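Hello,

Here is the structure I promised to pass on to you. Have a look at it first, and then read on for what turned up in it.

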Amino acid sequence: MKQQNYHNHRKFYPPHHFIYLPLLIILEISGIYKIWDDPGNQLVWILFSVVIFLLFYLALMTRQHYALGLQNRMVILEFKQRYFEIFNKRSDETAEKLKFDQIAALRFTYDDEFKELLYRALHENISGDEIKRSIKKWRADRLRI
């Protein structure tokens, strides 16, 4: 695998992102097209399109909700553990001042940059994306789905 950085750190699940979801999109477009192309069965095609849309929505929301909810909790716990290892004190007060995107972005830093970018996040309120863009030496996170 190439060295991870800002431009390649996102990860896709090919069966979901490149097969299942595109197939649902094609079926939805076909169903909507058939609503006007087949007036004799218009109600059937409307129902078909509604069902496909609901499957698409459910597929997106269920997968994202469970996986990301759990991972977000783990990212916060990882931040708290790392903070404790670096500063030798609890991070509850500090973690409450940060937004999740800031905490998540700090995962990609090594300890020396972690301190600097944490300070900037707390005092300058830089966004998670700005934290990522400011990282000089990227610390890869290959476990996030």
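Let me begin with one residue and work outwards. A121 sits in helix 5. Is A121 buried or exposed? Its relative accessibility is 3%, so A121 counts as buried. Leaving aside residues up to four places away in sequence, A121 touches L98, Q102, I126 and I131. If you would like a distance to check in your viewer, take A121 and K97: their C-alpha atoms are 9.2 Å apart in space, with their positions 24 residues apart in sequence. Please keep in mind throughout that this is a predicted model.

**The overall picture**

The chain has six helices and zero strands, so from the N terminus on the order of elements reads α-α-α-α-α-α. The radius of gyration is 22 Å, whereas the globule rule gives 15 Å for 145 residues; the first value is well over the second, so the chain is more spread out than a compact globule. Along the principal axes, the C-alpha atoms fill a box of roughly 70 × 35 × 25 Å.

Of the 145 residues, 30% count as buried. The chain exposes about 10,300 Å², and carbon and sulfur atoms supply 62% of that area. Among contacts with a separation of 6 or more, 66% are between residues 24 or more positions apart.

**Charges and salt bridges**

You will find 22 positive and 17 negative side chains here, and the centres of the two sets lie 4 Å apart. Side chains of opposite charge can pair when their charged atoms come close. How many salt bridges does the chain have? The count comes to nine. Here are some of them, pair by pair.

- K97 and E93: this is the K97 you met above, and its side chain meets that of E93 in a salt bridge at 3.7 Å, N to O. Both residues lie in helix 3 (residues 92-97), four residues apart, which is about one turn of the helix. K97 is exposed, with a relative accessible area of 57%, and E93 is exposed as well, with a relative accessible area of 57%.

- D141 and R107: these side chains form a salt bridge at 2.8 Å, N to O. D141 belongs to the segment after helix 6 (128-134), while R107 belongs to the loop between helix 4 (100-106) and helix 5 (111-124), so the pair ties together parts that are 34 residues apart in sequence. Buried means under 20% relative accessible area; D141, at 17% relative accessibility, therefore counts as buried. R107 is also buried, with a relative accessible area of 9%.

- K136 and E116: a salt bridge joins these two side chains at 3.9 Å, N to O. K136 is in the segment after helix 6 and E116 is in helix 5, so this pair links distant parts of the chain, 20 residues apart. K136 is exposed, with a relative accessible area of 67%, whereas E116 is partly exposed, with a relative accessible area of 38%.

There is also a network to look for: K80, R90 and D92 are linked by salt bridges.

**Two asparagines with positive phi**

Which backbone angle stands out at N88? N88 has a positive phi of about 60°, although it is not a glycine. You can find N88 in the loop between helix 2 (42-87) and helix 3. At 59% relative accessibility, N88 counts as exposed.

N125 also has a positive phi, of about 55°, and it is not a glycine either. Its place is in the loop between helix 5 and helix 6. N125 is partly exposed, with a relative accessible area of 47%.

**Where to click**

If you have only a few minutes with the viewer, I would suggest this order:

1. Start at A121 in helix 5, and bring up L98, Q102, I126 and I131, which A121 touches.
2. Go on to the salt bridge between D141 and R107, then to the one between K136 and E116.
3. End at the two loops, with N88 between helix 2 and helix 3 and N125 between helix 5 and helix 6.

Happy browsing, and do write back with any questions.

Best wishes

Note on methods. Residues numbered from 1 in each chain as written. Predicted model: local features only at pLDDT ≥ 70, side-chain atom pairs only at ≥ 80, totals over all residues. Heavy atoms only, no water. Rg over C-alpha atoms; globule rule 2.2 N^0.38 Å. Buried < 20%, exposed > 50% of the residue type's maximum accessible area, 1.4 Å probe, protein only. Contact = heavy atoms within 4.5 Å. Areas by Shrake-Rupley, 256 points an atom, 1.4 Å probe, with all protein chains shown as cover. Lys, Arg positive; Asp, Glu negative; His and termini not counted. Charge placed at Lys NZ, Arg CZ, Asp CG, Glu CD. Salt bridge = Lys/Arg side-chain N within 4 Å of Asp/Glu carboxyl O.
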